[in-house]
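I opened a notebook for a structure that was new to me. These are the entries, in the order I wrote them.

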Amino acid sequence: MKYISTRGGAPSGVSSAYAIKCGLAQDGGLFMPEKIPKINNEFLEKLSSLSYAERAAEILSLFLSDFERDELCEATCGAYSKEKFGDDPAPVIALSDGITMLELWHGPTCAFKDMALQIMPRLFTRSLKKCGEEREALILVATSGDTGKAALEGYRDTAGVSVKVFYPTDGVSQMQKLQMQTQEGKNLSVSGIKGNFDDAQNGVKAIFSDTDFAKRLDDGGVFLSSANSINWGRLVPQIVYYFSAYVDMFSCGRIKMGEKIDVTVPTGNFGNIFAGFLAKEMGLPIGRLVCASNKNDVLTEFLRCGRYNRNRPFHATISPSMDILISSNLERLIFLLFGQERCRELMEALRERGEYRLTGDELSMIQEHFIGYSTDEEDCALCIKDTFEKEKYLIDTHTSVALSAAKRYMHDYKASLEMLVISTATPYKFAADVLKSAFGISADSTSAPRVLEELSGVIMPQPIAALGEKTVIHKGVIGREDMAEKTLEFALRRG
Ligand SMILES: *Cc1c(COP(=O)(O)O)cnc(C)c1O
């Protein structure tokens, strides 16, 4: 399986190891496989008797053909171990009214980013070897909260790799901030940014496209890579849990083999839902993909009228990991449906004017698969409360944005398919807002988890419980204009 850039201006036909090593293609595009592998019902039946790690090895082997089967098994077994994820890394939970939840937050940092970022370092270091790369990799991360922590945890003390994380200092939850500030590991650095997530992401993108910067790093024996979902190595492991959920729904009698399901995904950078779309393209029986956004509804508007317009106010919400105006992975969808040339044209328009428009035909092609719903703060809070009261099931603010969207979609379209809703974080990661929503009680972020546990009876995950005893290591907050310099300082700190 070979990889190409979404924009067609970079060497094509590169290996998956090369795509994972680089993160971003040289023309600024994203790497995509040249074709999408197809599966059948037999493949699904086979998956149903396997462990999550074995399922992951099956799916990854279809895309990462330059990796040996043994390498993949070793990577998936190491990543999705009982020690890291407990008994089941991706359990499905049946609620009433035809809704099934897929919980993706049983990893070390308690959000779904662990599903990719626990395995990605294993794929990454193997990719460096396969490419004969001898320089040290510097992974730059812009985070809206959860990616940063998951990348730090995934790459901590990995030889030949260091990680620099930027987060918007007022744009993440207290818990997210504390998780990052207390991160241990010799090869890691974290800075807050005065600005929002898009500022952090744009700063990182600017560093990536600065050839002079790359030269200075290279002189010091360092090169840049990414752990954001623009990296294929981050995206491909996310395909796995859609398959895993489907076969688990089959095994527990929720659906028949081959029966279609709808899926709702709480969306920010469009990585998670795009992985779901790839699963659908591979042949997993998925009907609609409901793209759930919070008050930052740029995707809702896009999926409804074909206009992507980032020139709009940015809202800081109680689901901060979805506070995004530029959803990078949408580029992969545009590429897959409309080709390289059109993709380049639209991305150029986005860069120059901050917006682009699809034709009517293009919009119809997208609407065949996707529908957008946006959930405001009030409905998000209400859905947390209702779900706890009716189902005794506690959800976080991001998952609530999705569950609320799923219910409105099912009502609006009298949808009859079983609905899978992706649950992306433990309620304890956003404990203060969950507590307020479910029980109407205000507490600061230090005491909220304990109060929430008392009132809900839902056990707090161990990594959250342990956070109070950790020391704050990374305190720095810097201006956007200092990102490049700080990065260089960190990258070349030994030489
Ligand atoms: C990152 C994140 C999302 C958004 O996922 P994307 O792949 O960026 O669309 C949703 N919920 C949580 C909790 C997250 O951490």
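The entries below cover backbone angles, cysteines, helix contacts and a few single residues.

**Entry 1: what kind of model**

I noted at the start that this is a predicted model.

**Entry 2: positive phi outside glycine**

I looked for backbone angles out of the ordinary. Most residues other than glycine have a negative phi. I found that D97 has a positive phi of about 60° although it is not a glycine. I placed D97 in the loop that runs between strand 3 (92-94) and strand 4 (99-103). Is D97 buried or exposed? Its relative accessible area is 63%, so I wrote it down as exposed.

I made a second note of this kind for K392, where phi is positive at about 55° and the residue is again not a glycine. K392 lies in the loop between helix 18 (377-391) and helix 19 (397-412). I entered K392 as exposed, at 58% relative accessibility.

**Entry 3: glycines after helices**

I also checked what follows two of the helices. After helix 7 comes G132, with a positive phi near 65°. Just after helix 20 I found G440, which has a positive phi of about 70°.

For helix 7 (residues 120-130) I listed the buried residues as M120, P121, L123, F124, R126, S127 and L128. For helix 20 (residues 431-439) the buried residues are A431, V434, L435, S437 and A438. What do the buried residues of helix 20 pack against? I found helix 18, helix 19 and helix 21 (448-456) on the other side of these contacts.

**Entry 4: cysteines**

How many disulfides are there in the whole structure? I searched and got zero. A disulfide is a covalent bond between the sulfur atoms of two cysteines. I then looked at why two of the cysteines have no partner. The closest cysteine sulfur to that of C73 belongs to C77 and is 6.1 Å away, which is too far for a bond, because the cut-off is 2.5 Å. I noted C73 as partly exposed, at 29% relative accessibility. For C380 the closest cysteine sulfur is in C383, at 7.4 Å, also too far for a bond. C380 is buried, with a relative accessible area of 1%.

**Entry 5: helix 15 and its two partners**

I took helix 15 (residues 330-338) with helix 16 (residues 340-353) and found that their axes come within 7 Å and cross at roughly 145°. I recorded this crossing as right-handed. Which residues meet here? From helix 15 they are E331, I334, F335 and F338, and from helix 16 they are Q340, R342, C343, L346 and M347. By class I have six nonpolar, one polar and two charged residues in this contact.

I then took helix 15 with helix 17 (residues 360-367). Their axes come within 11 Å and cross at roughly 110°. I therefore wrote down helix 15 and helix 17 as roughly perpendicular to each other. L333, L337 and F338 of helix 15 meet E362, M365 and I366 of helix 17. This contact divides into five nonpolar, no polar and one charged residue.

**Entry 6: E331**

I went back to one residue of helix 15, E331. Is E331 buried or exposed? I have it as buried, at 4% relative accessibility. Leaving out residues up to four places away in sequence, E331 touches T6, R7, G29, L30, C343 and M347.

**Entry 7: helix 8 and helix 9**

I found that the axes of helix 8 (residues 146-155) and helix 9 (residues 174-181) come within 9 Å and cross at roughly 25°. That makes the two helices roughly parallel. The crossing of helix 8 and helix 9 is left-handed. The contact is made by D146, G148, K149 and L152 of helix 8 with Q176, Q179 and M180 of helix 9. I counted the classes as two nonpolar, three polar and two charged.

**Entry 8: V222**

My last look-up was V222, in strand 8 (residues 222-226). V222 is buried, with a relative accessible area of 4%. What does V222 contact, leaving aside neighbours within four places in sequence? I listed R135, E136, L138, L217, A491 and L492. I also took the separation of the C-alpha atoms of V222 and L62, which is 31 Å for residues 160 apart along the chain.

Terms used: Residues are numbered from 1 along each chain as its sequence is written. This is a predicted model: local features need pLDDT of at least 70, side-chain atom pairs count only at pLDDT 80 or more; totals for chains, interfaces and linings use all residues. Side-chain values use heavy atoms; hydrogens and water are left out. Helices (H or I, at least four residues) and strands (E, at least two) are DSSP runs, numbered from the N terminus. Buried means under 20% relative accessible area, exposed over 50%, partly exposed in between (1.4 Å probe, protein chains only). Axes are lines fitted to C-alpha atoms, for helices over the stretch in contact, and angles run from 0 to 180 degrees between N-to-C directions. A crossing is left-handed if the near helix is turned anticlockwise from the far one by less than a right angle, and right-handed if clockwise. Contact means heavy atoms within 4.5 Å. Ala, Val, Leu, Ile, Met, Phe, Trp, Tyr, Cys and Pro count as nonpolar, Asp, Glu, Lys and Arg as charged, and the others, Gly among them, as polar. Angles under 35 degrees count as roughly parallel, over 145 as roughly antiparallel, 65 to 115 as roughly perpendicular and the rest as oblique.
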